[in-house]
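Colleague: I would like to go through this model with you, starting with the ligands. Could you begin by fixing the terms?

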Amino acid sequence: MGSAPASTSPSPAKATIPMIDLSAFLSAEDSTAEQRLQAAQALVSACREIGFVYIANHGVPQAEVERAFALSKAFYDLPAEQKMKAPHPPGWSVHRGYSWPGLEKVSSALSGVDDEGLVASLREVQDYKVDGTADEIQKESYEIGSESNPGQPNVWLPDEILPGWRESMTAFYWTCFHAGKRILRALALGIGLDEDALLKFHSGHYNQLRLLHYPPIPAGAIEDGKFARMPAHTDWSTVTFLFQDDCGGLQVEDPKRMGQFIDVEPIPGTVVMNVGDLLMRWSNDYLRSTMHRVRLPPLQDRFSGDEKMTRARYSIPYFLTTDPDLLIECLRVDEHHPPKYEPITQRDYAAMRARVQY
Ligand SMILES: O=C(O)CCC(=O)C(=O)O
Ligand SMILES: [Fe+2]
């Protein structure tokens with residue numbers, strides 16, 4: 001009678017994204033060294049296994065997160081000609097201001113570890129670009145940096161269009177860096193370095209706050225997951241953290257089952273953090289920078305209305321990056337772990353990566 005035979009070669013269990021509580025790093029006075037070390041080691045172990053974590057008690061007040069989403073929506077609700085008053089400059093060297101749908105070419109070309117991976121990633125970019133419905137699925141983004149980063153001048157709207165918007169977003173940029181400092185401290189401690197070993201190379205002026213908007217997509221434009229809201233890629237940063245709305249669609253490649261992706265469901269009050277390529281290289285591949293992408297919302301609430309539109313999605317990533325003149329030399333090198341990469345400055349590394357983006 002009926003029960004299915006047990007599989008003889010079970011596939012590895014699907015990975016899950018761990019939740020790390022960083023409250024021990026919120027206030028040094030209220031926590032013991034042991035509590036900090038435990039949290040730090042849990043964070044690093046997740047960054048080694050999957051490269052993505054949820055962080056609870058990250059230190060960015062929820063009210064500020066909600067306000068940032070409201071401000072992002074206010075920007076994207078503007079008519080196109082007003083958004084175009086803060087245009088992303090042409091070329092790859094400055095990454096600030098508003099990128100209209102279709103401008104950015106997400107390419108993970110340089111992160112391809114072998115030819116097959118490279119070809120697959122380029123093909124995904126191509127599909128994304130050439131299909132006739134591409135305009136309807138492409139995202140809009142707006143990049144903001146420190147006001148004291150002369151190489152990357154911010155591009156703002158005239159203040160009268162959204163009064164106070166510039167000040168509020170600048171304040172949010174620094175609130176995020178404040179939280180980022182704790183993450184960098186925890187990572188260093190968990191790796192077994194001095195607590196400021198990573199943070200001391202981050203003045204905060206080279207980070208990037210990105211406001212993303214994925215417009216609604218009509219059902220008719222969707223074919224079997226062929227299109228991505230954002231194709232699979234890795235980030236270039238030291239670490240990225242990401243606030244997402246409740247739409248869903250972010251997915252991460254499962255390191256135990258390469259080529260398969262797992263959902264990073266929105267969990268209110270948490271931030272999603274991931275390791276970037278820079279930190280993977282810096283850590284001599286001790287930590288993992290993982291492919292991720294944005295697909296459509298989960299099936300159960302994918303479409304609404306007579307036109308069967310998907311929901312819009314808003315997300316806010318924050319990319320932490322070192323100061324540009326830092327020579328990135330592999331950490332954690334010993335006789336059993338020779339350096340896998342040549343030293344390179346962050347400036348040269350970023351230029352190398354940016355050239356393939358635009
Ligand atoms: O929108 C998202 O959830 C992901 C964004 C992302 O991966 C990126 O901007 O690098
Ligand atoms: Fe990303």
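Modeller: A polar contact here is a pair of N or O atoms within 3.5 Å. Please keep in mind that this is a predicted model.

Colleague: With that cut-off, how far is the side chain of H292 from an oxygen atom of ligand 1?

Modeller: An N or O atom in the H292 side chain is 3.0 Å from an oxygen atom of ligand 1. Two further side chains can be listed with H292. A polar side-chain atom of S315 lies 2.6 Å from an oxygen atom of ligand 1, and for D235 the corresponding distance is 3.1 Å.

Colleague: How much of the accessible area of ligand 1 does the protein cover?

Modeller: On its own, ligand 1 has 300 Å² of accessible area, and the protein covers 96% of it.

Colleague: Which elements give two or more residues to that shell?

Modeller: They are β5 (208-214), β6, β11 and β14. The largest share comes from β14, with 4 residues.

Colleague: And which residues come nearest to ligand 1?

Modeller: There are 14 residues around ligand 1, and R210, Y214, H292, R313 and S315 come nearest. By class, the shell has 8 nonpolar, 3 polar and 3 charged residues.

Colleague: Turning to the metal, which residues coordinate the iron ion?

Modeller: The iron ion, ligand 2, is coordinated by H233 through NE2, D235 through OD and H292 through NE2, at 2.1 to 2.2 Å. Along the chain, these donors follow the spacing H-x1-D-x56-H. H233 and H292 link distant parts of the chain, 59 residues apart: H233 is in strand β6 (residues 230-233) and H292 in strand β11 (residues 292-294).

Colleague: Are H233 and H292 buried or exposed?

Modeller: Both H233 and H292 are buried. H292 thus appears in two of our topics, as a donor to the iron ion and as a residue with a side-chain atom 3.0 Å from an oxygen atom of ligand 1.

Colleague: A change of topic: where is R311 found?

Modeller: R311 is in the loop between β13 (309-310) and β14 (313-320).

Colleague: Why does R311 count as partly exposed?

Modeller: R311 counts as partly exposed because its relative accessibility is 26%, and that class runs from 20% to 50%.

Colleague: What does the side chain of R311 contact?

Modeller: The R311 side chain makes a polar contact with the side chain of D246, at 2.8 Å. As for Y214, which is 97 residues from R311 along the chain, the C-alpha atoms of the two are separated by 8.7 Å. Y214 is also among the residues that come nearest to ligand 1.

Methods: Residues are numbered from 1 along each chain as its sequence is written. Chains are lettered from A and ligands numbered from 1 in the order in which they are written. This is a predicted model: local features need pLDDT of at least 70, side-chain atom pairs count only at pLDDT 80 or more; totals for chains, interfaces and linings use all residues. Side-chain values use heavy atoms; hydrogens and water are left out. Donors are N, O and S atoms within 2.8 Å of the metal (3.2 Å for Na, K and Ca); water is not among the atoms, so sites may look incomplete. Buried means under 20% relative accessible area, exposed over 50%, partly exposed in between (1.4 Å probe, protein chains only). A polar contact is a pair of N or O atoms within 3.5 Å; within protein, one must be able to donate a hydrogen and the other to accept it, and residues adjacent in sequence count only if both atoms are side-chain atoms. A residue is near a molecule or strand if one of its heavy atoms lies within 4 Å of it. Accessible areas come from the Shrake-Rupley method with a 1.4 Å probe; for residues, only the protein chains shown count as cover. Ala, Val, Leu, Ile, Met, Phe, Trp, Tyr, Cys and Pro count as nonpolar, Asp, Glu, Lys and Arg as charged, and the others, Gly among them, as polar.
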